[in-house]
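Let's take a walk through a protein model together. Keep the picture open while you read, and turn it around as we go.

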Amino acid sequence: MPIQLSQKEKSLLMDQRTHEETCVDKYTKYANQAQDAQLKQLFNSYSAKEQEHLNTINQLLIGQVPSVGGQQGQQAQNQQQTAGNQGQMTSTVQGNYNQEDAKLCKDMLMTEKYVSGAYDTAVFEFRDTNVRQVLNHIQKEEQQHGEGIFQYMQSQGMYQIQ
């Protein structure tokens with residue numbers, strides 16, 4: 001049975017659709033610009049996941065509530081964590097990194113922070129529990145993207161914790 005969205009819920013989803021389109025575009029563009037093969041892989045992985053988010057938002061906009069999680073969701077999550085953690089294992093010279101790659105990472109980390117915050121607001125504005133769960137699931141994945149970028153940056157000496 002299709003869900004009926006309020007005007008505010010539709011508006012929030014349209015904003016999230018724009019955010020997801022931007023993430024797909026930026027990750028794809030940045031994967032092509034990145035110098036480090038590991039960073040290219042990370043950005044390509046996140047671009048694919050952001051496309052899944054976009055597809056989910058589009059389903060919600062037509063009143064369909066997709067299922068989230070399950071075996072495929074767990075496999076994708078494990079792949080993302082592996083991609084993010086590889087930076088910690090393969091870096092040999094911390095602090096000797098490509099400045100342009102660092103700029104790409106900083107921009108995507110900032111983007112993920114913003115998008116995650118927008119999902120936080122949206123979760124609280126929806127009446128339907130199932131939609132809230134879907135949005136919460138996407139938000140968690142956005143946070144995982146931010147964590148993967150942070151881990152990569154830290155492993156490369158791009159992000160120093162004071």
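Is the crossing of H1 and H4 left-handed or right-handed? To get there, let's start with the whole chain and then work our way in to that pair of helices. Keep in mind that you're looking at a predicted model.

The overall layout is easy to describe: the protein chain has five helices and zero strands. If you follow the sequence from start to end, the pattern reads α-α-α-α-α. The chain has 162 residues, and 45% of them are buried. Now think about which parts of the chain touch which. Take the contacts between residues at least 6 apart in sequence: 83% of those join residues at least 24 apart.

Time to look at how the helices pair up, beginning with H1 and H2. Their axes come within 8 Å of each other and cross at roughly 160°. Because the angle is over 145 degrees, H1 counts as roughly antiparallel to H2. This crossing of H1 and H2 is left-handed. What sort of residues make up the contact of H1 with H2? There are 13 nonpolar ones, along with eight polar and six charged.

While you're on H2, find Asn44, which lies in that helix. With a relative accessible area of 44%, Asn44 is partly exposed. Its C-alpha atom is 5.9 Å from that of Ala31, although Asn44 and Ala31 sit 13 residues apart in sequence.

Next, swing round to H4 and H5. These two helices pack at an angle of about 160°, and their axes are 9 Å apart. That angle makes H4 roughly antiparallel to H5. The crossing of H4 and H5 is left-handed, and the residues in the contact divide into 13 nonpolar, six polar and six charged.

A few residues on H4 and H5 are worth clicking on. Gln139 is found in helix H5. Is Gln139 buried or exposed? It's buried, since its relative accessible area is 10%, and the cut-off for buried is under 20%. Leaving out residues up to four places away in sequence, Gln139 touches Ser116, Tyr119 and Asp120. You can also check the spacing from Gln139 to Ala118: they are 21 residues apart along the chain, yet their C-alpha atoms are separated by 8.7 Å.

Further along helix H5 you'll find Gln144. At 11% relative accessibility, Gln144 counts as buried too. The C-alpha atom of Gln144 is 10.0 Å from that of Ser116, with the two positions 28 residues apart along the chain. Gly117, on the other hand, lies in helix H4 and is partly exposed, with a relative accessible area of 33%. Between Gly117 and Gln143, which are 26 residues apart along the chain, the C-alpha separation is 9.6 Å.

Now we can go back to the pair we began with. The axes of H1 and H4 come within 10 Å and cross at roughly 165°, so H1 is roughly antiparallel to H4. And here's the answer to the opening question: the crossing of H1 and H4 is left-handed. Among the H1 residues that meet H4 are Leu12, His19, Cys23 and Tyr27. On the H4 side, the residues that meet H1 include Leu104, Met108, Val115 and Ala118. By class, the contact of H1 with H4 has eleven nonpolar, four polar and eight charged residues.

Last stop: the inside. In soluble globular proteins, nonpolar side chains tend to be buried together. How many residues does the largest nonpolar core have in this model? It has 33, and those with the most contacts inside it are Phe43, Cys105, Phe126, Leu135 and Ile149. Helices H1, H2, H4 and H5 each supply at least two residues of this core. H4 gives the most, with nine residues.

To finish, zoom in on Phe126. Which residues is Phe126 in contact with, once you leave aside its neighbours within four places in sequence? Among them are Leu5, Leu12 and Leu13, as well as Val131 and Leu135. Phe126 is also in contact with Glu9 and Arg132.

Methods. Residues numbered from 1 in each chain as written. Predicted model: local features only at pLDDT ≥ 70, side-chain atom pairs only at ≥ 80, totals over all residues. Heavy atoms only, no water. Core = buried A, V, L, I, M, F, W, Y, C linked by side-chain atoms within 4.5 Å. Buried < 20%, exposed > 50% of the residue type's maximum accessible area, 1.4 Å probe, protein only. Helix = DSSP H or I, 4+ residues; strand = E, 2+ residues; numbered from the N terminus. Contact = heavy atoms within 4.5 Å. Axes fitted to C-alpha atoms, helices over the stretch in contact; angles between N-to-C directions. Parallel < 35°, antiparallel > 145°, perpendicular 65-115°, else oblique. Left-handed = near helix turned anticlockwise from the far one by under 90°. Nonpolar A, V, L, I, M, F, W, Y, C, P; charged D, E, K, R; others polar.
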